Every structure is written in structure tokens, then in C-alpha cells.
Amino acid sequence: MKKILFAATAVMAVAALGLTGCSSDNGRGSETGTDEAASGFSADSLIGVALPDKTSENWVLAGSLFEEGLADAGFEGDVQYAGASNAVADQQQQISTMVTNGAKVIIVGAKDGAQLGTQVADAKAAGAIVIAYDRLILNTDDVDYYVAFDNFKVGQLQGQALLDGMAAKFPDKTTYNVELFSGSSDDSNSAVFFDGAMDVLQPKIDDGTLKIVSGQTEISQTATDGWKPENAQRRMDTLMQGTYQAEAVDGVLSPNDTLARAIITSVKDAGQAELPVVTGQDSEAASIPLIMSGDQYSTIYKDTRALVKEAIAMASALQAGDEPTVNDTESYDNGNKIVPADLLTPVIVTKDNAAEAYAENPDLLALTK
Ligand code: BGC
């Protein structure tokens, strides 16, 4: 069963798009793409990879994995990161250069998914295939495929973890004080994560189980500009100093690990006796020990190795003139079209299942010891 939760309102902020990818059926490889495949290109072609700034470990890791993986697949890889300042313009320029250099496939982890229309149009005009990686590219016909973890599912898992964590940590409570954080509004994933979480949390807000003491429940109020931890920390500091003088915060929905750590620091600095249940995402090295110690309740495992491999497999299929694997042709409406997607399944991780979840990833597994 799949559903589309996309409201095609052409508003400025991506956050306000209500863009939602939702799939409860992650059957892998059961369908093939509906988009026209390329007729094939030479096996040593240039493949461009344009990644955003390094706001979390997964992006850092993706760069080296793409370099190795593309070389192993026989391609000439060109992997670029947008710089920390001027990232949008940087990325636009990098994609243009890839087009000029004759890249046959351009894989894009967008800095701002709504600001690449011109560049991907040029790529298509030059005959390149455009694959959105991890973050969807919005408001354009010129994106061929999307490869990502199921972002809506990520949000649902975070919402459920928040409820489960609070029930376990505060067995005597029947209502909980909660605050909500979301990601950067220029990242198309942010609204999808948030919508997924609210899919689980909203009924509990409505029935009074969850009290959002600040009253800040709109994504515009919860957003964290640039996914920067200092911005999350500043907002949490303000909440602790204002809203949580007299009562404790029991749970915080954090969209990723970087922000979770900032939120935990803020609550510690404020001197609250017992830490709230805090969610996360990405299984970052700095957060896994916090999960094991109980300071951070949960994270999400999205194996970057698998996602990069999947994106490169798409390029290889296209090179061979085959249709790449697509398992979702309903969920990801980018405002112009539904982009055929290859979605991988995210895994929720808490102290209880960390060893099992990371069993195939020695680096992460070591951090659970
Ligand atoms: C990714 C997350 C990441 C965030 C910040 C999102 O688009 O899906 O894994 O935490 O960007 O880098």
C-alpha cells in the first residue's frame, strides 16, 4: 500500500511544499523504471557527482565511496562538494562544468533542491541522465531517477522511537512534554522526515498524550537553518530558558544526530536533572557512544555504502542500455513530475538492537562495545 501525500503548492520554501515520499512497501527491485533509459554510452564515460556541503558524516563518506566505486566500475568519476559558503552557487557551477566536460550521468545530492532547474535542464539538453541522490531535485522535469532511503519511513521511525523511548524512560507518566525539531528548509528531505514523524505523533498530540509546551508545531517554527548544530542549540537554549523553567522536557524529536547532540548539550547546560528522550538519524560515530550510554535514545541506520552502490549500479545499468532498478513510482512528486525512485529501507537503532543493526559494519559495530 502506498500513498501520495504531496500538495502541489508552488510556495517558496521547500518546507512549505508538503513534499512527502511515503512507502510502506519497500519490495526491492520488483519493478523497473518507467522513464526512458539511455541507449547506452561508453563504459569509461565521465560520471559527475555533485554533493552538498558536509553537514553530516554520511556526506563525507559518500564522496570517497563514489570515487572508489566509480573507478571500480570502470567509469571516470568527478566528485565535487559545494563549499560551505556560497554552496548553492558552487554546486550550480560544478554541475555546469560536468555538463561541459561531457558527463553522461550526473548524480546530485542537492544543496538546495529547488535551485538546480537551469543546470539539470542543461544536463538533459546535452544528453546526460540526471539522478537525484538522497535529496530530491524539485520543480523540474529534468531529473530522471531518485535513489534514497525511504525518507517518510525515517520520520515515522523517529516518531515511534520518541514514543517508545518516553514510555520506557518515564513509566509513571501518561503525558509527556515534547519539543519538535526539523532540518534545513532548503533540503527537500526535511519536510518529508517531519511529515513522517508527525504521521505518528500528531494523533498523540491530538489526544493530549504529547504536550508541545512551546506550541511550536509548524515546520517553519521547528526548522534548523543549514542543518547547523549551533542553530538547533540556540533554539533549544531559548526553549530551556523560557518554556522549561518550571517543568522538564521529556522528549525531543531531532531529525538527525548532529542536531541531537546539540540539543542534548543544551539540556545538559540548562541543568535539567534527567535528560529527555532524543531521536536522531545517520548513525554518526559521535552519537553511537551516546546511544550506548543512554544520552541519545535512537538513531537511524542508513548505510551510505549501500546507497552509493545503488547509485553507481544505476549508472552501470544505464551504461549498458538497461532500465535501472526502480521500486517506487508513486511517492516522489517533485512538483513537476513523479520521479521514479529506488528506495532503500532505513533501520531504527537503539541501545537494544545496535549490535545487530551494525553487524555488517565493523566500524560502527566497534563503537557499540
Ligand atoms: C540526509 C540526512 C542528513 C541531513 C543533513 C539529509 O538530506 O538525508 O541523512 O542528516 O541531510 O546532512
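Two worked exercises on a predicted model follow, one on a helix and one on a cavity.

**Exercise 1. Helix α2**

Check the length of helix α2 against the expected rise, then work out which residues are buried and where they sit around the axis.

*Solution*

Step 1. Helix α2 runs over residues 87–100, which makes 14 residues. At 1.5 Å a residue, the span should be 20 Å. The end C-alpha atoms lie 20 Å apart, so expectation and model agree.

Step 2. Apply the cut-off for buried, under 20% relative accessible area. In α2 this gives Ala87, Gln91, Gln94, Ile95, Met98 and Val99. They cover an arc of only 140° around the axis, which means that they lie on the same side of α2.

Step 3. Turn to the other side of α2. Gln93 and Thr100 are exposed there.

Step 4. Find the cover over the buried residues of α2. It includes the strands β2 (46–51), β3 (76–81) and β4 (105–108), along with α3 (117–125).

Step 5. Look past the end of the helix. Gly102 follows α2, and its phi is positive, near 85°.

**Exercise 2. The largest cavity**

Describe the volume and the lining of the largest cavity.

*Solution*

Step 1. Count the cavities of 30 Å³ or more. The structure holds four.

Step 2. Take the largest. Its volume is about 110 Å³.

Step 3. List the lining. There are 14 residues, and Ser56, Asn58, Trp59, Arg135 and Trp227 lie nearest the centre of the cavity.

Step 4. Assign helices. α1 (57–72) and α5 (188–206) each supply at least two lining residues.

Step 5. Sort the lining by class. Three residues are nonpolar, six are polar and five are charged.

How values were computed
Residues are numbered from 1 along each chain as its sequence is written. This is a predicted model: local features need pLDDT of at least 70, side-chain atom pairs count only at pLDDT 80 or more; totals for chains, interfaces and linings use all residues. Side-chain values use heavy atoms; hydrogens and water are left out. Helices (H or I, at least four residues) and strands (E, at least two) are DSSP runs, numbered from the N terminus. The expected span of a helix is 1.5 Å times one less than its number of residues. Buried means under 20% relative accessible area, exposed over 50%, partly exposed in between (1.4 Å probe, protein chains only). The arc is that of the directions from the helix axis to the C-beta atoms. Contact means heavy atoms within 4.5 Å. On a 1 Å grid over the protein atoms alone, a cavity is a set of points where a 1.4 Å probe fits but cannot get out, and a pocket is an open set with protein on both sides within 12 Å along at least five of seven lines; lining residues have an atom within 4 Å of a point. Grid points are joined across faces, edges and corners, and a volume is the space filled by probe spheres set on the points. Ala, Val, Leu, Ile, Met, Phe, Trp, Tyr, Cys and Pro count as nonpolar, Asp, Glu, Lys and Arg as charged, and the others, Gly among them, as polar.
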